[in-house]
Amino acid sequence: MQTVQHSEQTLKTALISKNPTLVSQYEQLDAGERRLLNKAFKPDNDLFGPITLHSESDWITSHPEPPQDFEQFFSDPSRKAPSPEKRSIYIQCIGSLGNTRIISEEYIKWLKGYCEAFFYGLTVKLLEPVPVSVTRCSFRINDNTQNLQIHAGHILRFLKRKKPRDAFCIVGITMIDLYPRDSWNFVFGQASLTDGVGIFSFARYGSDFCSSRYEGKVNKLQKVSSSDYFVFDNYYIPEVTSVLLLRSCKTLTHEIGHIFGLRHCQWLACLMQGSNHLEEADRRPLDLCPICLRKLRCAVGFNIRERYQALVKWIEDESADTPRVGTEHSQEDNVNLPKPVEAFKEWKEWIMKCLAVVQK
């Protein structure tokens, strides 16, 4: 295992800049916010660790990219930020997210609430779910997994046409695996900064996706017609667990972060690190390093303390006293599921430490 180590001065410059205007902006931040962000380059920092590399297949090793510091983010002419007229994030569900209607509806509500806390200050709106056939996308059976996949680029085209006028961005979410082009095996998600659209799949976050026992495999391997969307009618959906919800929240916020102009992070352990595989994605923290947090704060305009408080509230609002829903109740309209937040416990403790620094 290797670590990506930067000097104190390098991290300080990446966070604050040497540009007098940006330095002045930084100095005008709340003292508590600066105290937390300064942890990025403090030797005694116990909140934001270095990036660890575990193999040659990790993202930074296999996809060399120039790093993006705050000044580069701020000065990027192609970067788009929300405006008073466009401060909404729209979520478009493609297919079902759960094996019953109630589970699917609750799952998308959990993701909506998480995005509202993560991108604190923006409005998140849900569009009516649509089946795959409405997108008119291409699809295939993956040669390695024998699982159905839909074309990410075609979905982006569909979302671009549907983008509401007040939308900063529109993102599609699905439990169906994605591929970006014929030569690629799969992709977790894909986004376009220019168009403000993204599509993200949670298919590979089920515990047994790569197992020979995975129930989503297509048994009949005959070539299907490009119009045979009926193959998705009974598409297998993994059980919604706490780990699946955590992984979904990671992917959703990482990819939306790209739409805000945040590139892959190469400074500290951060949600915005790239990932080539599930093990690497699981190692990423759920939140941003100070450098990327300053970028997002600049784009959205939130108060860091209030944002952390909103994230804690989302975790705590799990409706634990709500009765669980079994398949036999799937047609009932007024039944809520308890939000499975067990996997978020460690992250909540980390946020509380950050809040303690901000509120000190």
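These legends describe close-up views of a predicted model. Residues are numbered from 1 along each chain as its sequence is written. In this predicted model, local features need pLDDT of at least 70, side-chain atom pairs count only at pLDDT 80 or more, and totals for chains, interfaces and linings use all residues, while side-chain values use heavy atoms, without hydrogens or water.

**View 1. The whole chain has 13 helices and 10 strands.** Helices (H or I, at least four residues) and strands (E, at least two) are DSSP runs, numbered from the N terminus. The C-alpha trace spans about 60 × 50 × 45 Å along its principal axes. The radius of gyration is 21 Å, which agrees with the value near 21 Å for a compact globule of 360 residues. That radius is taken over C-alpha atoms, and the globule rule is 2.2 Å times the number of residues to the power 0.38.

**View 2. Five strands form an open sheet with mixed pairing.** The strand order is 4-3-7-10-9. Strand 4 (123-130) and strand 9 (189-192) are the edges, each pairing on one side only. Two strands pair if DSSP finds at least two bridges between them. Neighbouring strands are turned by 15° against each other on average, direction ignored. Strand 3 (residues 88-94) and strand 7 (residues 167-174) run parallel, joined by seven bridges. Within this pair, Tyr-90 has Ile-170 of strand 7 as its bridge partner. In a regular strand the side chains alternate between the two faces of the sheet.

**View 3. Helix 6 and helix 8 meet the five-stranded sheet.** Helix 6 (residues 101-118) lies across strand 3, strand 4 and strand 7. Helix 6 runs at about 155° to strand 4. Helix 8 (residues 152-162) packs on the sheet and touches strand 3, strand 4, strand 7, strand 9 and strand 10 (197-201). The direction of helix 8 makes about 135° with that of strand 10. Contact means heavy atoms within 4.5 Å. Axes are lines fitted to C-alpha atoms, for helices over the stretch in contact, and angles run from 0 to 180 degrees between N-to-C directions.

**View 4. Strand 9 and strand 10 form a hairpin.** The two strands pair in the antiparallel sense over four bridges. Gln-190 stands opposite Ile-199 in strand 10. Four residues lie between the strands. Gly-196 takes a positive phi near 65° in this hairpin.

**View 5. Three strands form an open sheet in the order 5-6-8.** The pairing is mixed. Strand 5 (139-141) and strand 8 (177-179) are the edge strands, and each pairs on one side only. The twist averages 40° from one strand to the next. Three bridges join strand 6 (residues 148-151) to strand 8, and these strands run parallel. Gln-149 has Asp-177 in strand 8 as its bridge partner. Helix 8 packs on this sheet as well, touching strand 6 and strand 8. The direction of helix 8 makes about 50° with that of strand 6.

**View 6. The largest pocket holds about 650 Å³ of space.** On a 1 Å grid over the protein atoms alone, a pocket is an open set of points with protein on both sides within 12 Å along at least five of seven lines; a cavity is a set where a 1.4 Å probe fits but cannot get out; lining residues have an atom within 4 Å of a point. Grid points are joined across faces, edges and corners, and a volume is the space filled by probe spheres set on the points. The pocket has 29 lining residues. Trp-59, Val-187, Gly-189, Glu-255 and His-264 lie nearest its centre. Strand 9 and helix 9 each supply at least two lining residues. By class, the pocket lining has 10 nonpolar, 13 polar and six charged residues. Ala, Val, Leu, Ile, Met, Phe, Trp, Tyr, Cys and Pro count as nonpolar, Asp, Glu, Lys and Arg as charged, and the others, Gly among them, as polar.

**View 7. The structure holds one cavity of 30 Å³ or more.** About 30 Å³ of space lies in the largest cavity. Its lining consists of Tyr-205, Arg-247, Lys-250, Thr-251, Ala-281, Asp-282 and Arg-284. Helix 9 (242-259) and helix 10 (278-283) are the elements that give two or more residues to this lining. Helix 9 gives the most, with three residues. The cavity lining has two nonpolar, one polar and four charged residues.
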